[in-house]
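Please open the model in a viewer and keep the selection panel at hand. The tour below proceeds by selections, each followed by a description of what is found there.

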There are 2 protein chains.
Amino acid sequence: MSPISKKGASAKLRSQAFKRVRADHSAELAGDYVEMIADLIDDRGEARCTDLAMRLGVANATVVKTLKRLTDQGLVTQEPYRAIFLTGDGWKMAEDGKRKHQIVENFLLALGVPADTARIDSEGIEHHVSADTLKAMARFLSRNPAN
Amino acid sequence: MSPISKKGASAKLRSQAFKRVRADHSAELAGDYVEMIADLIDDRGEARCTDLAMRLGVANATVVKTLKRLTDQGLVTQEPYRAIFLTGDGWKMAEDGKRKHQIVENFLLALGVPADTARIDSEGIEHHVSADTLKAMARFLSRNPAN
DNA sequence: ACTAATGTTTAGCATAGGCTAACTTATATG
DNA sequence: CATATAAGTTAGCCTATGCTAAACATTAGT
């Protein structure tokens, strides 16, 4: 056995994991934005960029710039100085994200993690959870419902 | 109750979560590098930038550039055309990371996630797990050891 | 209807993290 | 020991994501 593979995971498999993480990172901003836009529309009828900026904790101009990318990606539509809307794809992404988020957060609660921590950690974890892991979390949840 | 807070989490709390995620992201590359450098030193006596590049799945030049940052941050030392070493802080960070990584990966295995998926997902999840959540995972693990 | 306040956009900058191509240094082999 | 190959470095480019300051549009209040 070569000393390189002593730890079990081949270099190729490891690099694959890191590549996935990097891909997840570029996808996750889009996910956060559309989820939040969907929430705002549900809560107050429309999403404006100031609200997004406040809730995401970034500057207004950052939101504007990001929305441009999301528009190019076909997730969002907007006209100058008007509210922001989601496309069909955008809604789908938002709903998938919200569902995933809820499972992860409830899972952490069921595990015994304090509520505030669960909320914060789930925000970061959500985007790195594969279908398999999500299923395992859901299974656990159905046996140990969060209180 | 204002319509804004209908969903429970205040805007401030949410934006705090996103800020934490962004902070985690900038910290996590450093973590991956030092962990991998530590592994390489343990496995084969020294860490070279080609190995890092291969295992991380990035180009050589990217590793060089990143190592410069890590050197500035006092995690790594190196001389031109020579192997890479960790400082005391670097070792500490590598060990903390490895410990965390192991708990997360074993936790996923114990949850019933397939081994390959557990390896990949744990790489992404690890950096977003707070002390509270890690403790909850460890507790679960001690009751449901991975097979 | 006008103006003040609010909200949106643009412009310009910075940093992190990728890449390729060209160059330099180290090493291993004939 | 001379040189071919391997390894490391530099330069220059790109995109994503953040920021501030200034310009512009909309809305509300008198």
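## Stop 1: a covered helix

Begin with helix α5 of chain B and display what surrounds it: the cover over its buried residues includes α1, α5 and α6 of chain A, together with α4 of chain B. This is a predicted model, and every stop should be viewed with that in mind. Of the eleven residues of α5(B), eight are buried, so the helix is mostly covered. To see them, select Ala118(B), Arg119(B), Ile120(B), Asp121(B), Ser122(B), Glu123(B), Gly124(B) and Ile125(B).

## Stop 2: the two protein chains together

Now show chains A and B in two colours. How many residues of chain A are in contact with chain B? There are 44 in chain A, and they touch 45 residues of chain B. On the chain A side, α1 (11–44), α2, α4, α5 and α6 each give two or more residues. The greatest contribution there is that of α1(A), with 15 residues. By class, this side of chain A divides into 19 nonpolar, nine polar and 16 charged residues.

Next, superpose the copies. A turn of 180° with a shift of 0.0 Å along the axis lays chain A on chain B with an RMSD of 0.0 Å. The two copies are therefore related as by a two-fold rotation axis. To find where chain A comes closest to that axis, select Ile125(A), whose C-alpha lies at 2.6 Å. In addition, 100% of the interface residues of chain A are also interface residues in chain B, so the copies meet through the same surface.

## Stop 3: the largest nonpolar core

Which residues have the most contacts inside the largest nonpolar core? They are Val104(A), Leu108(A), Val104(B) and Leu108(B), in a core of 24 residues. Both chains take part: α4 (88–111), α5 (115–125) and α6 (131–143) of chain A, and α4 (88–111), α5 (115–125) and α6 (131–143) of chain B, each supply at least two residues of this core. Centre the view on Leu108(A). Beyond its neighbours within four places in sequence, Leu108(A) is in contact with Val113(A), Ala118(A), Asp121(A), Ser122(A) and, from the other chain, Thr133(B).

## Stop 4: the DNA strands

Select DNA strand C and the residues around it. It is surrounded by 20 residues, of which Arg48(A), Thr50(A), Ala61(A), Ala59(B) and Ala61(B) are the closest. At least two residues of this surface come from each of α2 (49–56) and α3 (60–72) of chain A, and from each of α1 (11–44) and α3 (60–72) of chain B. The element that gives the most is α3(B), with five residues. The surface near strand C comprises ten nonpolar, six polar and four charged residues.

Move to DNA strand D. Here 19 residues lie around the strand, and Ala59(A), Ala61(A), Arg48(B), Thr50(B) and Ala61(B) come nearest. The elements supplying at least two residues each are α1 and α3 of chain A and α2 (49–56) and α3 of chain B. The largest share, five residues, is that of α3(A). The class count for the surface near strand D is ten nonpolar, five polar and four charged.

## Stop 5: a strand and a loop

In chain B, select Val76(B), which lies in strand β1 (residues 76–78). Is this residue buried or exposed? Val76(B) is buried because it has 23 C-beta neighbours inside 10 Å, where 20 or more suffice. Its contacts beyond four places in sequence include Ile37(B), Leu67(B), Phe85(B) and Gly90(B).

Proceed to Tyr81(B), in the loop between β1 and β2 (84–86) of chain B. With 6 other C-beta atoms within 10 Å, Tyr81(B) is exposed. Its phi is positive, about 65°, although the residue is not a glycine. Most residues other than glycine have a negative phi. In chain A, Tyr81(A) likewise has a positive phi of about 65° and is exposed, with 5 other C-beta atoms within 10 Å.

## Stop 6: confidence

Finally, colour chain A by pLDDT. Its mean is 92, and 93% of its residues reach 70 or more. Residues 1–8 of chain A stay under 50. Where pLDDT is low, the predicted coordinates should not be read in detail.

Conventions. Residues numbered from 1 in each chain as written. Chains lettered and ligands numbered in written order. Predicted model: local features only at pLDDT ≥ 70, side-chain atom pairs only at ≥ 80, totals over all residues. Helix = DSSP H or I, 4+ residues; strand = E, 2+ residues; numbered from the N terminus. Buried ≥ 20, exposed ≤ 12 C-beta atoms within 10 Å, placed from the backbone. Contact = placed C-beta atoms within 7 Å. Core = buried A, V, L, I, M, F, W, Y, C linked by C-beta atoms within 7 Å. Least-squares fit on C-alpha atoms with pLDDT ≥ 70 in both. Near = placed C-beta within 6 Å. Nonpolar A, V, L, I, M, F, W, Y, C, P; charged D, E, K, R; others polar. pLDDT = per-residue confidence, 0-100.
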